[in-house]
Amino acid sequence: MVVGLTGGIASGKNTVAVMFNDLGAKIIDADKIANDLINAEISGNNIFTKIVSLFGKGILNNSGTIDKKSLADIVFKDRKKLECLNRIMHPEIIRIIKDKIASFRHSAGVRNDSKGVVIINAPLIVEAEAISLVDKLIVVSASIENQIARLRARSSLTKSEACRRIDAQLPIKEKEKFADFVINNNNELEETEKQVKKIWKELCNE
Ligand code: ATP
């Protein structure tokens, strides 16, 4: 079974993904795929060239790789630029995710194991219109106040920068409309873990 895990920025997707991983799920991390892709040496594709020609050499750091913070500062100030970046990145990320799903399916077939659960941790499954890739969708929900606090606790973003990053995504409430399961991650982690275990049981019984 292929399960999408999504939600707003800093809502707790990675935290929840680790919990599912501990229970036995295989995880595909879309942010990691994106990070690898923009690194020219790893990707060996033309994503790097496209990004540099669109945003200029000013986004490169001293070692000649893309400085993710500079790129983020540009695109989160200009929605059109963010859309251009997404148009470059999303098809390639989706292609890689499909390859990974196929390879999990192949190895499950070899093991004659039809029970495996693969979770795609991807912030933009709904925005990228990639829901058709998954059998079930889990949305991790947190209040905007918690998103801002958690974002700011792990970065040097100002409150208005944090708000701009939240506004660049579809509101979590809109994502919840597509969800089979919603995890409320506003409280203690033990509360979140209880919900994760309940969903895991249901997924394993499907
Ligand atoms: P991103 O959108 O950047 O990938 P994310 O949705 O994966 O973020 P996490 O990285 O899981 O979110 O969590 C964001 C921050 O909030 C982390 O520092 C994490 O430790 C913290 N956090 C997550 N859940 C809780 C919680 N229930 N209570 C307190 N802090 C939490």
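**Packing around the central sheet**

Among the elements that cover the buried residues of helix H5 are H4, H6 and helix H8 (159-167). In this predicted model, the buried residues of H5 are Leu71, Ala72 and Val75, and, viewed down the helix axis, these buried residues fall within an arc of 100°, so they line one face of H5. Leu71 also appears among the residues that touch the most other members of the largest nonpolar core, together with Ile51, Ile66, Met89, Ile93, Ile97 and Ile120. That core comprises 35 residues, and the elements giving two or more residues to it are helix H2 (30-38), helix H4 (47-55), helix H5 (68-75), helix H6 (79-110), strand E3 (118-121) and strand E4 (136-141). H6 gives the most to this core, with 8 residues. In soluble globular proteins, nonpolar side chains tend to be buried together.

The surroundings of Met89 illustrate this packing in detail. When residues up to four places away in sequence are not counted, Met89 touches Ala34, Leu37, Ile38, Ile47 and Ile51. Apart from the core to which Met89 belongs lies another core, of 17 residues, which includes Val140, Val196, Ile199 and Trp200.

The strands form an open sheet of 5 strands in the order E2-E3-E1-E4-E5, with parallel pairing. Strand E2 (26-29) and strand E5 (181-184) stand at the edges of the sheet, and each has a single partner strand, so one side of each is left without a neighbour in the sheet. On average, and with direction ignored, neighbouring strands of the sheet are turned by 25° against each other. H2 packs on this sheet, where it touches E2 and E3, and the direction of H2 makes about 45° with that of E2. H6, by contrast, lies across strand E1 (2-7), E2 and E3, and runs at about 165° to E2.

Within the sheet, strand E1 is joined to E3 by 4 bridges, the two strands running parallel, and Leu5 of E1 stands opposite Asn121 in E3. E1 also pairs with E4 in the parallel sense, over 5 bridges, and the bridge partner of Val3 in E4 is Lys136. E4 is in turn joined to E5 by 4 bridges, again with the strands running parallel; here the bridge partner of Ile138 in E5 is Phe181.

Of the 6 residues of E1, 6 are buried, so this strand is largely enclosed by the rest of the structure. In a regular strand the side chains alternate between the two faces of the sheet. In E1 both faces are covered, since Val2, Gly4 and Thr6 on one side and Val3, Leu5 and Gly7 on the other are all buried.

A further buried position is found towards the end of the chain, at Thr192, whose place is in helix H10 (residues 189-205). Thr192 has a relative accessibility of 0% and therefore counts as buried, the cut-off being under 20%. With residues up to four places away in sequence not counted, Thr192 touches Val16, Met19, Ile183, Asn184 and Asn185.

Two loop residues that are not glycine have a positive phi. For Ala10 the phi is about 60°; this residue lies in the loop between E1 and helix H1 (13-23) and is buried, with a relative accessible area of 13%. For Glu129 the phi is about 55°; Glu129 has its place in the loop between E3 and E4 and is exposed, with a relative accessible area of 71%.

Taken as a whole, the secondary structure of the protein comes to 10 helices and 5 strands. The radius of gyration is 18 Å, close to the 17 Å that the globule rule gives for 206 residues, so the protein is as compact as a globular protein of that length. Along the principal axes, the C-alpha atoms fill a box of roughly 50 × 40 × 25 Å. Of the 206 residues, 41% count as buried, and, among the contacts with a separation of 6 or more, 73% are accounted for by residues 24 or more positions apart.

Note on methods: Residues are numbered from 1 along each chain as its sequence is written. This is a predicted model: local features need pLDDT of at least 70, side-chain atom pairs count only at pLDDT 80 or more; totals for chains, interfaces and linings use all residues. Side-chain values use heavy atoms; hydrogens and water are left out. A nonpolar core is a set of buried Ala, Val, Leu, Ile, Met, Phe, Trp, Tyr and Cys residues joined through side-chain atoms within 4.5 Å. Buried means under 20% relative accessible area, exposed over 50%, partly exposed in between (1.4 Å probe, protein chains only). Contact means heavy atoms within 4.5 Å. Two strands pair if DSSP finds at least two bridges between them. Axes are lines fitted to C-alpha atoms, for helices over the stretch in contact, and angles run from 0 to 180 degrees between N-to-C directions. The arc is that of the directions from the helix axis to the C-beta atoms. The radius of gyration is taken over C-alpha atoms; the globule rule is 2.2 Å times the number of residues to the power 0.38.
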